[in-house]
Amino acid sequence: MQRFPEETGWIEVICGSMFSGKTEELISRIRREIYARKQVRIFKPRTDDRYAVGAVVSHSSLELPCVAVDHAADILRLLDDDLSVVGIDECQFFGEELLPVVESLANRGLRVICAGLDQDYLGRPFDPMPHLMAVAEYVTKKLAVCMVCGNPANRSQRLTASESRVVIGADDAYEARCRRCFHPREAGDQPVLPMTSPPALAPAAPERP
Ligand code: ADP
Ligand code: MG
Ligand code: ZN
């Protein structure tokens, strides 16, 4: 059983690709706190309106009520005095302004659980997640299942041609892919490239007589 810090707040990060179970994991951790009769609040960026504005909803239809905010700083204005746990979903959409907010919450003694995509549709680190992972006490990396080959998947393959970093969507716009099957600039249903062989190792030096 995990022992949590006492007399202090801390930061937890749940990261991974789309469909890797980040929101499920966030909901599960928050539910346990609700059973423990802790005061909790979940926030998400208003940009993410895929299922509902007033709830975080996983792709497996688990859900919990949340507050949608326009800016990370709004979170600090919406805290009740007796709050002890804050969950934040889709952290990657808040940008760098999320960092001081999360630090401030943890420094006030709160458990802060941050879920978000660690890579964008091109496989680039998605700020501010790398920074959050660096300052967090606990980091959990989730993996989805590659929709092409079934391997563990850590990339989000965009299925549309848009080159905007933010395109809100679920399985209509993205699918989970492993390193081998991920093709960052491939749009739509183009054929998947075969695996390239790794470079051959240099022959071993002949043994000395
Ligand atoms: P995330 O928040 O990381 O996008 P969710 O927690 O919302 O993920 O959803 C995880 C659920 O998505 C899984 O439990 C499963 O039911 C469903 N799912 C759909 N596609 C996949 C996939 N390729 N790999 C794993 N789970 C998937
Ligand atoms: Mg999610
Ligand atoms: Zn694959």
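This report describes the zinc site, the salt bridges and the surroundings of ligand 1 in a predicted model.

## Zinc site

The zinc ion (ligand 3) is held by four cysteine sulfurs, the SG atoms of C146, C149, C178 and C181, at 2.3 to 2.4 Å. Along the sequence, the donor residues of the zinc ion (ligand 3) follow the spacing C-x2-C-x28-C-x2-C.

The angles subtended by the 4 donor atoms around the zinc ion (ligand 3) run from 103 to 118°, and the arrangement is therefore tetrahedral. For four tetrahedral donors, the ideal angle at a metal is 109.5 degrees. Two of the donor residues may be described by their accessibility. C146 has a relative accessible area of 3% and is therefore buried, since buried means under 20%. C149, at 32% relative accessibility, counts as partly exposed.

## Salt bridges

Side chains of opposite charge can pair when their charged atoms come close. In this model the count comes to 13 salt bridges. One of them joins the side chains of E25 and K142, with an N to O distance of 3.3 Å. Because E25 belongs to helix α1 (residues 22-35) and K142 to strand β8 (residues 138-142), this pair ties together parts that are 117 residues apart in sequence.

A salt bridge also links D120 with R124, where the closest N and O atoms are 2.7 Å apart. D120 is buried, at 2% relative accessibility, whereas R124 is partly exposed, at 38% relative accessibility. E175 and R177 form a further salt bridge, with their closest N and O atoms 2.8 Å apart. R177 has a relative accessible area of 4% and is buried. Through shared partners, salt bridges join E12, E25, R29, E33, K38, R111 and K142 into one network.

## Surroundings of ligand 1

There are 15 residues around ligand 1, of which K22, T23, E24, H59 and V145 come nearest. Polar backbone atoms of two residues lie close to oxygen atoms of the ligand: one of S20 is 3.1 Å from an oxygen atom of ligand 1, and one of G21 is 3.0 Å from an oxygen atom of ligand 1.

The side chain of E24 also takes part, with an N or O atom 2.5 Å from an oxygen atom of ligand 1. On its own, ligand 1 has 580 Å² of accessible area, and the protein covers 77% of this.

Definitions and conventions: Residues numbered from 1 in each chain as written. Chains lettered and ligands numbered in written order. Predicted model: local features only at pLDDT ≥ 70, side-chain atom pairs only at ≥ 80, totals over all residues. Heavy atoms only, no water. Donors = N, O, S within 2.8 Å, 3.2 Å for Na, K, Ca; no water. Tetrahedral: all angles 85-135°; square planar, octahedral: opposite > 155°, others 65-115°. Buried < 20%, exposed > 50% of the residue type's maximum accessible area, 1.4 Å probe, protein only. Salt bridge = Lys/Arg side-chain N within 4 Å of Asp/Glu carboxyl O. Helix = DSSP H or I, 4+ residues; strand = E, 2+ residues; numbered from the N terminus. Near = heavy atom within 4 Å. Polar contact = N/O pair within 3.5 Å; in protein donor to acceptor, adjacent residues only side chain to side chain. Areas by Shrake-Rupley, 256 points an atom, 1.4 Å probe, with all protein chains shown as cover.
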